[in-house]
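Got your viewer ready? Here's a short tour, with a selection to make at each stop.

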Amino acid sequence: MATHKLLLLPGDGIGPEVAVEVEKVAKFMGQAGIASFEIERGLVGGIAYDTHGQSISEDHMKLAHDADAVLFGAVGGPKWDAVPYDVRPEAGLLRLRKDLQLFANLRPAICYPALADASSLKREIVEDLDIMIVRELTGGVYFGEPKQIIDLGNGQKRGIDTQVYDTYEIERIGRVAFELARKRNNKVTSSEKRNVMKSGVLWNEVITALHKREYADVTLEHQLADSLGMQLVRWPKQFDVIVTDNLFGDMLSDVAAMLTGSLGMLPSASLGETNPKTGKRKALYEPVHGSAPDIAGKGIANPIAMIGSFGMALRYSFGLGAAADLVEKAISAVLDAGLRTADIKGAATSTVSTVEMGEAILAELKKLA
Ligand code: NAD
C-alpha cells in the first residue's frame, strides 16, 4: 500500500477544530488498510505570523512543495486585522496558490436530500443537485497588468484592471473540465461574456476547438456568464461541469454554494499541472468557509466541509475514488440519521458538537468499510 504525504495546515479560528476531525478519518483509513498517510503539520495564517512574523514560513512552504497534497483549514480573524498587508493571514493562502501554481479550482455544489430544506430555493429545484464548478484561479482580471490607480491630474483618478487570457491558460482549464465531465455526466457548460469582451471571444474559440480536437465525446454548451447566473438559480440540475474564468467563477461558485445550504458543508480543491515524469500534480484542498471567529473555540463548527475536502484529496490526488465514495456515503448517512451541527439545524430540535459530528462520521465509515 503506497504512503501518501499529506501536509495539514489547520490555520486559525475553527481551522484547528475541524482539522482534528479530519485527522481521525485519515488515521482510520490507515488502520483499516484502505490507504496510508504520512501527515506533517505546518503553520499558516495568523498563527504563523505570531510564530514567525510571516503568514507562511519558507520551511513550511517547502513542506507544501514536497507534499502529495496540502489540506488547509482556514485563516484570519480580528486579532490580525492590523498586521501589515503583505504578511496578513490571507497572504499565506495566496502564496500557496501562486507558488504551487494551482490554476484549477474545483467547487462541487452537492445538495444532500436531508438538507434540501436548508436551501433558499425550493426542495424540488435543489434536492440531489450535484454540479461541479471549475474556476480558472491564477489568471484573468485578478492578476492581469496593468493593475493600478492613476491620478489624472484634474481631480480625477482612474482605476485599471486588465482581463487577460492566453490560449494555453484556457486550454489547460478546459482539459480539467472535460476530463472531469468524462467521469461524471459527460457534459460541460463553458461560460464567458463573448458579446462584450475580447477575452470572452478567445475563451469561446479555444474551448470550442479543444472540444472538437480532443473531447468530441463530451457534450459542450456555451452560456453567457450573466445568463448562467440566472439559470443557476432557475434550474441548476441542467448542469454537470461548468468551466469559467477567475472573475465569473468567483461569483458563480458562491451562488452555486448557497444552493446547498450552509458554508460548513462545502469542500473545494485547487489543482496544478500534472508532472509528466511523476504523474502527480500539486494540490490543495480546503473548506470554502473561513475561520468563523464568531464561533471559534465553542466546539460547534461543522467539520463536514473539511472532511469533504479530504474526500476530494482521496479522489483527485491519491486515485482512491472508492475511499472518497465511502466518505461521501458516511456524511450522507449521518445527515439522513438527523444529526445536525448548529449551522444546519433547520427544524431539528437538537444539535451536536464538532467532535460529535466527526465521531458519527467515523462510526459510519467503520460500518461501511
Ligand atoms: P466565515 O466563512 O469564516 O464565516 C461566515 C459565517 O459562516 C459565520 O457566521 C460562521 O460562523 C459561519 N460558518 C463558517 N464556517 C462554518 C462551519 N464550518 N460551521 C458552522 N458555521 C460556519 O467568513 P467571514 O466571517 O466572512 O470571515 C471570517 C474570517 O475568515 C476573516 O478573517 C476572513 O478573512 C477569513 N476567511 C478566510 C478564508 C480562508 O481561509 N480560505 C475564507 C473566507 C474568509
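Which residue of strand 3 is the bridge partner of Gly11? Select Gly11 and look across to strand 3: the partner is Ala74. Keep in mind as you click around that this is a predicted model.

**Stop one: the strands**

Now widen the selection to strand 1, residues 3–11, and strand 3, residues 69–74. Strands 1 and 3 run parallel, and five bridges join them.

Next, add strand 12, residues 281–287. Strand 12 also pairs with strand 3: the two run parallel, with two bridges between them. To find your way here, pick Leu71 and look for Tyr285 of strand 12, which stands opposite.

Before leaving, colour strand 3 by accessibility. Is it buried or exposed? Six of its six residues are buried, so the strand is largely enclosed by the rest of the structure. For this, buried means under 20% relative accessible area.

**Stop two: a helix pair**

Hide the strands and show helix 3, residues 58–66, together with helix 4, residues 89–99. Their axes lie 11 Å apart and the helices pack at an angle of about 45°. That angle is why helix 3 and helix 4 count as oblique to each other. Check the hand of the crossing while you're there: it is right-handed.

Finally, turn on side chains where helix 3 and helix 4 meet. From helix 3, select Glu58, Met61, Ala64 and His65; from helix 4, select Arg95, Leu96 and Asp99. Coloured by class, this contact shows three nonpolar, one polar and three charged residues.

How values were computed
Residues are numbered from 1 along each chain as its sequence is written. This is a predicted model: local features need pLDDT of at least 70, side-chain atom pairs count only at pLDDT 80 or more; totals for chains, interfaces and linings use all residues. Side-chain values use heavy atoms; hydrogens and water are left out. Axes are lines fitted to C-alpha atoms, for helices over the stretch in contact, and angles run from 0 to 180 degrees between N-to-C directions. Helices (H or I, at least four residues) and strands (E, at least two) are DSSP runs, numbered from the N terminus. Angles under 35 degrees count as roughly parallel, over 145 as roughly antiparallel, 65 to 115 as roughly perpendicular and the rest as oblique. A crossing is left-handed if the near helix is turned anticlockwise from the far one by less than a right angle, and right-handed if clockwise. Contact means heavy atoms within 4.5 Å. Ala, Val, Leu, Ile, Met, Phe, Trp, Tyr, Cys and Pro count as nonpolar, Asp, Glu, Lys and Arg as charged, and the others, Gly among them, as polar. Buried means under 20% relative accessible area, exposed over 50%, partly exposed in between (1.4 Å probe, protein chains only). Two strands pair if DSSP finds at least two bridges between them.
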